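Reader: I am in my first year and still learning to read structures, so could you take one part of this model and go through it slowly with me? I would like to see how the pieces around it fit together.

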Amino acid sequence: MDIYFYNTLTKKKEKFLPLKGNEVRMYSCGPTVYYDAHIGNLRAYLFMDSLRRVLKYNGYTLKHVMNITDVGHLTSDADEGEDKMMVAAKRENKDPYEIADYYMNKFLQDMDKLNIERPEIIARATEHIDIMEEYVKKIIENGYTYQTEDTIYFDTSKLPNYGILSGKKVDEQKAGARVDFDTNKKNVSDFALWIKAPKEHIMQWDSFFGKCYPGWHLECSAMGYKYLGEEFDIHTGGIDHIPIHHENEIAQAQGFCGKIPAKFWMHVNFLKINGGKLSKSLNNFYTLSDLKEKGYLPEVYRMFNFGSSYRIPINFTWDGMDASLKALIKLKEGYQNHLNGNDEIEDDVIKNYEVKFHQAINDDLNMPMAMSVVWDVIKNPKKSKKFAELLLKFDTVLGLNIDKPIESQEKMIPDEIIELAEKRKMARENKDWAESDRIRDEIAKKGYTIKDTKNGYELT
Ligand code: AMP
Ligand code: ZN
């Protein structure tokens, strides 16, 4: 069955076919590992996961690269401010490499909790400095750069089609420039490729231009090229990547080899809260742990995301999470009812559902439509193992573990309480009974009960 994806590059829904045989080569912009991922970030990776699963459902194999940004992403996407890794290192009084390891592992755990499949290749920027240096040298050789005392810039005016993704022209960007834009740049849209590192910038490497670190956009171009070649099938990211990061990736690739690297550019829209951004200052920078504390497991958030197309903004609400939790429970019950059923079902009925589901996911990942087919199957008054089997097939795309019960209440105990219980266990091992009692009281004050058992403890 044909697949159609909306392509930001052409601004149309287009029929998708891989460039080479049966393998889809795909690149996804991954996280900057300087903080916990919030549920908005995670929406982006849930979209990436659905795309993977839909391609696999259609019989394709995948070569999928996701980067981990652990150097060079400044606090503004457009070359301003400090390196985010350095900001985090100062905030937490740690080495930026420690910060990167810590938040990368947390991010990968979040992916696992959400049942997001891991891309075939996870590439860390700091492990690819050599390929980035080679990439920059070629762009210089090809005449697309200029250099100031401390930076090698990409000259966007050298490209006739700079702005192809967002529809912005170099001149327009100039006209709308803020007065404080870096006066060393020739055009507002020019961007740093390779930057001389000040002494305090811990992440720096010897290079043809002295001790340097790479500009943020470079890693995706260089690593995409290394693993997927000059041209590949799909590039994904959030809509915030369209005007700067992906525009600059396209510019770099054109400077490097004259080609736009990906055929399809797919972008996921934002998760909003009260119509606005998630932010620390508004106290709505929710993470998976926050959801868990409120009683919602990651799979509920996964379900929540299937309520809208990836291309439109969604508004996060606790009511929405409640509805998703109820729906998830019903879904799993519905599966069990079918599993226990023995009604006769004609093959055509199954085929009909199957086609509708397939059409929905192949129509630019129309998950709300796909879910409506799933509900039709669940609600079918006849109960049959054939329907249960069909639901399991659909679940290879949904990733909801439809055949497993919703995780037990015990697993919903917040991390904070588990940490206290672990501390108490240690105190008991050290025979510090006073501390053990104190922690038990603290746990009780927070509304939980701890009971000692043969193997440790039980929390309720
Ligand atoms: P970052 O770690 O800041 O580079 O962001 C990681 C990913 O999360 C990027 O693909 C962003 O586009 C995406 N992102 C950030 N905020 C949101 C949001 N509120 N909703 C959806 N995606 C987001
Ligand atoms: Zn990227």
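Reader: Please look closely at the sheet in which strand 13 and strand 14 pair. Which strands and helices belong to the picture around this pair?

Author: The model is a predicted one, and what follows should be read with that in mind. Let us begin with the pair you name: strand 13, which covers residues 232-238, runs beside strand 14 in the parallel sense, and six bridges join the two. One place to find this pairing on the screen is Phe232, which stands opposite Ala262 of strand 14.

These two strands belong to an open sheet of five strands, whose order is 7-4-3-13-14 and whose pairing is parallel. Strand 7 (121-124) and strand 14 (262-268) each have a single partner strand, so they form the edges of the sheet, and one side of each has no neighbour there. If you follow the sheet across, the twist from one strand to the next averages 20°.

Helices pack on this sheet as well. Helix 3, made of residues 96-113, touches strand 4 (61-68) and strand 7, and its direction makes about 160° with that of strand 7. Helix 6, residues 216-228, lies across strand 3 (23-28), strand 4, strand 7 and strand 13, and it runs at about 150° to strand 4.

Helix 6 also leads us to the metal site. The zinc ion (ligand 2) is coordinated by the SG atoms of Cys29 and Cys220 and by NE2 of His245, at 2.0 to 2.2 Å. Along the sequence these donor residues follow the spacing C-x190-C-x24-H. Cys29 sits in the loop between strand 3 and helix 1 (39-57), while Cys220 belongs to helix 6, so this pair ties together parts that are 191 residues apart in sequence. Both cysteines are shielded: Cys29 is buried, at a relative accessible area of 5%, and Cys220 is buried too, at 2%.

With cysteines in view, it is natural to ask about disulfides, and a search of the whole structure finds zero of them. Cys212, for instance, is in no disulfide, and the nearest cysteine sulfur, which belongs to Cys220, is 19 Å away; Cys212 itself is buried, with a relative accessible area of 1%. For Cys257 the closest cysteine sulfur is again that of Cys220, at 15 Å, which is too far for a bond. Cys257 is partly exposed, with a relative accessible area of 22%.

It helps to set your sheet beside another open sheet of five strands, which has the order 8-9-10-12-11 and antiparallel pairing. Its edge strands are strand 8 (145-147) and strand 11 (205-207), each of which pairs on one side only. Here the twist averages 35° from one strand to the next.

We can walk through part of this antiparallel sheet strand by strand. Strand 8 and strand 9 (residues 151-154) pair over three bridges, and Thr145 has Phe154 of strand 9 as its bridge partner. Strand 9 in turn pairs with strand 10 over four bridges in the antiparallel sense, where Phe154 has Phe191 of strand 10 as its bridge partner. From strand 10 the path continues to strand 12 (residues 210-214), again antiparallel and over three bridges, with Tyr213 of strand 12 as the bridge partner of Ile195. Five of the six residues of strand 10 are buried, so this strand is largely enclosed by the rest of the structure. Helix 7, residues 242-257, lies across strand 9 and strand 10 (191-196), and it runs at about 75° to strand 10.

Finally, a word on aromatic rings, of which the structure holds 27 pairs. The rings of Phe16 and Tyr60 have centres 6.3 Å apart and planes at 90°, so this pair is edge-to-face. Phe16 lies in strand 2 (residues 12-16) and Tyr60 in the loop between helix 1 and strand 4, so the pair ties together parts that are 44 residues apart in sequence. Phe16 counts as buried at 2% relative accessibility, and Tyr60 likewise counts as buried at 14%. Since strand 4 is part of the parallel sheet with the order 7-4-3-13-14, the loop that holds Tyr60, between helix 1 and strand 4, brings us back to the part you asked about.

Conventions
Residues are numbered from 1 along each chain as its sequence is written. Chains are lettered from A and ligands numbered from 1 in the order in which they are written. This is a predicted model: local features need pLDDT of at least 70, side-chain atom pairs count only at pLDDT 80 or more; totals for chains, interfaces and linings use all residues. Side-chain values use heavy atoms; hydrogens and water are left out. Two strands pair if DSSP finds at least two bridges between them. Axes are lines fitted to C-alpha atoms, for helices over the stretch in contact, and angles run from 0 to 180 degrees between N-to-C directions. Contact means heavy atoms within 4.5 Å. Donors are N, O and S atoms within 2.8 Å of the metal (3.2 Å for Na, K and Ca); water is not among the atoms, so sites may look incomplete. Buried means under 20% relative accessible area, exposed over 50%, partly exposed in between (1.4 Å probe, protein chains only). A disulfide is a pair of cysteine sulfur atoms within 2.5 Å. Rings of Phe, Tyr and Trp (its six-membered ring) pair if their centres lie within 6.5 Å; planes under 30 degrees apart count as stacked, over 60 as edge-to-face and the rest as tilted.
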